[in-house]
Amino acid sequence: MNICKNWWKEAVVYQIYVRSFKDSNGDGIGDLMGIVEKLDYLKYLGVDVLWLTPVYQSPNCDNGYDISDYRSIMKEFGTMEDFDLLLEESHKRGIKIIMDLVVNHTSDEHEWFVKSRSPEPNPYWNYYIWRDGRDGKAPNNWGSWFSGPAWTYDENRKQYYLHIFAPKQPDLNWDNPQVREEVYSMMRWWLDKGIDGFRMDVIDMISKTEAFPDGEIHGLYGDLAPYCIHGPHAHDYLREMNEKVLSCYDIMTVGETPCVTLEEARKYAGYDRHELGMVFQFEHVELVKGKYGKWSDERFDVRKLKEVLDKWQTGMQGIAWNSLFWSNHDQPRAVSRFGDDGTYRVESAKMLATCLHMLQGTPYIYQGEELGMTNAYFENLSDYRDVESLNAYHELVEELGESHADMMRYLKAISRDNARTPVQWNDGENAGFTDGTPWIAVNRNYRTINAEAQIRDENSVLNYYKRLIALRHEKPVIVYGDYHMLLKEDPDVFAYERTLDGAKLTVICNFADHEVECPLLSNDAEILISNYQDRAQNVLRPFEAVVYETVSLSSCWHLRAAGC
Ligand code: TEU
Ligand code: CA
């Protein structure tokens with residue numbers, strides 16, 4: 001397989017949800033100086049890139065995904081000087097930084113929107129998506145992804161504006177070339193500061209179908225997805241962005257692309273397409289869909305998971321680069337969802353890490369995942385902070401008649417706040433996250449699960465991640481090797497091979513909480529890494545993961561990178 005070498009294909013990315021990472025000044029909110037304090041920890045772990053969730057000025061209706069000024073830092077997070085210091089200190093340690101680029105929408109407090117909603121025509125008049133009402137009601141039946149209608153009436157303009165997310169997150173009008181130029185110039189401004197790339201929020205939603213037809217009713221509203229995802233100009237705008245901005249820098253880009261299909265992903269991230277470096281697809285974290293979409297506490301099916309992972313590995317091979325993740329700030333904790341956060345927490349966290357880090361693509365570690373942090377499992381609605389969770393609670397319980405008890409179970413399983421509790425640094429008060437009162441409660445298990453204890457323990461989840469990252473840096477087969485699935489029909493074991501010239505890895509992961517037989521086990525194969533201390537005998541133990549390495553002596557690895 002011919003794959004061009006790029007630094008971002010060889011990198012491991014660590015996602016920082018800044019608000020919950022580390023508070024440096026006791027106000028209970030994580031901040032930029034908190035990250036600076038922990039750079040040596042990140043260096044110890046060995047990650048190459050930090051993805052910072054939005055740090056820009058924002059009224060925080062959606063924790064920074066509602067930006068009111070793209071060129072200044074959110075007050076709670078610090079100052080531009082703090083940002084410059086963070087960038088400099090990271091670069092000194094060989095760690096790169098990518099920023100979240102949230103340009104499908106802004107905050108309603110952004111100057112552009114404030115001007116756009118004025119009753120008098122002005123240069124910002126067409127910066128957002130405004131439509132007249134229909135018979136005194138919204139222009140169509142679309143529902144927002146954060147509950148309620150996707151249109152809000154504006155008294156000043158006497159028109160409705162579109163917001164796929166909260167009413168405080170109006171969608172920008174990308175069909176207006178001025179909007180695109182504004183975005184590009186803002187991107188250059190950050191890139192010229194020296195940042196190393198962007199994670200692009202819902203970038204597959206920037207182009208909307210012009211007709212704005214009603215959508216198929218799901219629950220209370222019509223589904224906007226078919227008209228707002230991969231809209232008519234999505235690829236044109238990304239190519240333009242690539243030509244005018246991205247291609248001028250040696251950076252990494254990852255598009256967040258909800259609902260992306262394999263076919264579309266090959267376009268967004270295709271090696272020959274000049275759009276993005278890679279995209280996040282969500283099929284493996286959307287295996288469970290209940291009556292109310294994601295609001296369900298059903299457990300995933302291992303066979304389906306295998307099918308989806310295999311589909312993306314095989315389907316992208318040779319065509320486009322994958323991104324690999326179990327979790328992020330929008331998903332529950334990986335070990336709670338895909339592993340076992342009780343008896344086998346350590347084993348299953350390591351198994352999941354092995355499974356993901358040996359695949360082809362760029363791995364993303366979400367803060368705390370390297371500690372095997374678990375879901376928050378909040379007991380009370382008042383513990384929740386997330387706009388999506390709170391709105392969904394009200395819609396399901398108050399309008400759709402779901403019971404309080406059921407909805408609380410769904411929130412415990414799937415709410416975004418599960419992954420937003422503060423990082424557990426030590427066993428001191430507030431897990432060492434803050435000297436003040438944390439903005440969201442600390443998980444009660446911080447006395448047993450915390451970074452300080454795990455640094456000391458050579459068998460900790462943390463030190464296992466450290467080894468996996470180091471292996472990726474040492475072995476080209478982990479980065480560039482071909483992928484091939486094994487044991488396709490096995491209901492519990494996900495196994496695959498990676499091969500590059502003479503090097504071969506056999507990766508075997510048991511997703512079951514019990515012993516299972518496995519024909520791939522060998523007594524004499526060389527073990528590269530495994531999550532149990534002693535060697536597997538004739539069965540795989542609960543959540544056991546083992547990677548065998550075979551290297552033929554005659555092999556001489558080189559990249560057949562002609563034309564790259
Ligand atoms: O997420 C987009 C997105 O698809 C989510 O709204 C997703 O549907 C939901 O979180 C899954 O439960 C991005 C950001 O990652 C998210 O944090 C923001 O809230 C959202 O965009 C709006 O900017
Ligand atoms: Ca703070």
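## Two loop residues with positive phi

L487 lies in the loop between β16 (482-486) and β17 (493-500), in a model that is predicted. Its phi is near 50 degrees, a positive value in a residue other than glycine, and with a relative accessibility of 23% L487 counts as partly exposed.

A positive phi is also found at N430, where the angle is about 55 degrees although the residue is not a glycine. N430 belongs to the loop between α14 (404-414) and α15 (451-456), and N430 is buried, having a relative accessible area of 16%. These angles deserve attention because most residues other than glycine have a negative phi.

## The calcium site

The calcium ion, ligand 2, takes its protein donors from D23 (OD), N25 (OD1), D27 (OD), I29 (O) and D31 (OD), which lie 2.2 to 2.3 Å from the ion. Along the sequence, these donor residues of ligand 2 follow the spacing D-x1-N-x1-D-x1-I-x1-D.

Two of the donors can be described further by their accessibility: D27 is partly exposed, with a relative accessible area of 34%, whereas D31, at 2% relative accessibility, counts as buried.

## The surroundings of ligand 1

Around ligand 1 there are 17 residues, of which D62, H105, D201, K294 and D330 come nearest. Sorted by class, the shell around ligand 1 contains six nonpolar, two polar and nine charged residues.

Several side chains place an N or O atom at a short listed distance from an oxygen atom of ligand 1: the distance is 2.9 Å for H105, 2.8 Å for D201 and 2.2 Å for K294. Of the 490 Å² of accessible area that ligand 1 has on its own, the protein covers 93%.

## Cysteines without disulfides

A disulfide is a covalent bond between the sulfur atoms of two cysteines. In this model the count of disulfides comes to zero. C228 is in no disulfide, and the nearest cysteine sulfur, which belongs to C259, is 11 Å away; C228 is also buried, with a relative accessible area of 0%.

For C509, the closest cysteine sulfur is that of C355, and the 4.5 Å between the two sulfurs is too far for a bond, because a disulfide requires a pair of cysteine sulfur atoms within 2.5 Å. Like C228, which is buried, C509 counts as buried, at 0% relative accessibility.

How values were computed:
Residues numbered from 1 in each chain as written. Chains lettered and ligands numbered in written order. Predicted model: local features only at pLDDT ≥ 70, side-chain atom pairs only at ≥ 80, totals over all residues. Heavy atoms only, no water. Donors = N, O, S within 2.8 Å, 3.2 Å for Na, K, Ca; no water. Buried < 20%, exposed > 50% of the residue type's maximum accessible area, 1.4 Å probe, protein only. Near = heavy atom within 4 Å. Polar contact = N/O pair within 3.5 Å; in protein donor to acceptor, adjacent residues only side chain to side chain. Areas by Shrake-Rupley, 256 points an atom, 1.4 Å probe, with all protein chains shown as cover. Nonpolar A, V, L, I, M, F, W, Y, C, P; charged D, E, K, R; others polar. Helix = DSSP H or I, 4+ residues; strand = E, 2+ residues; numbered from the N terminus.
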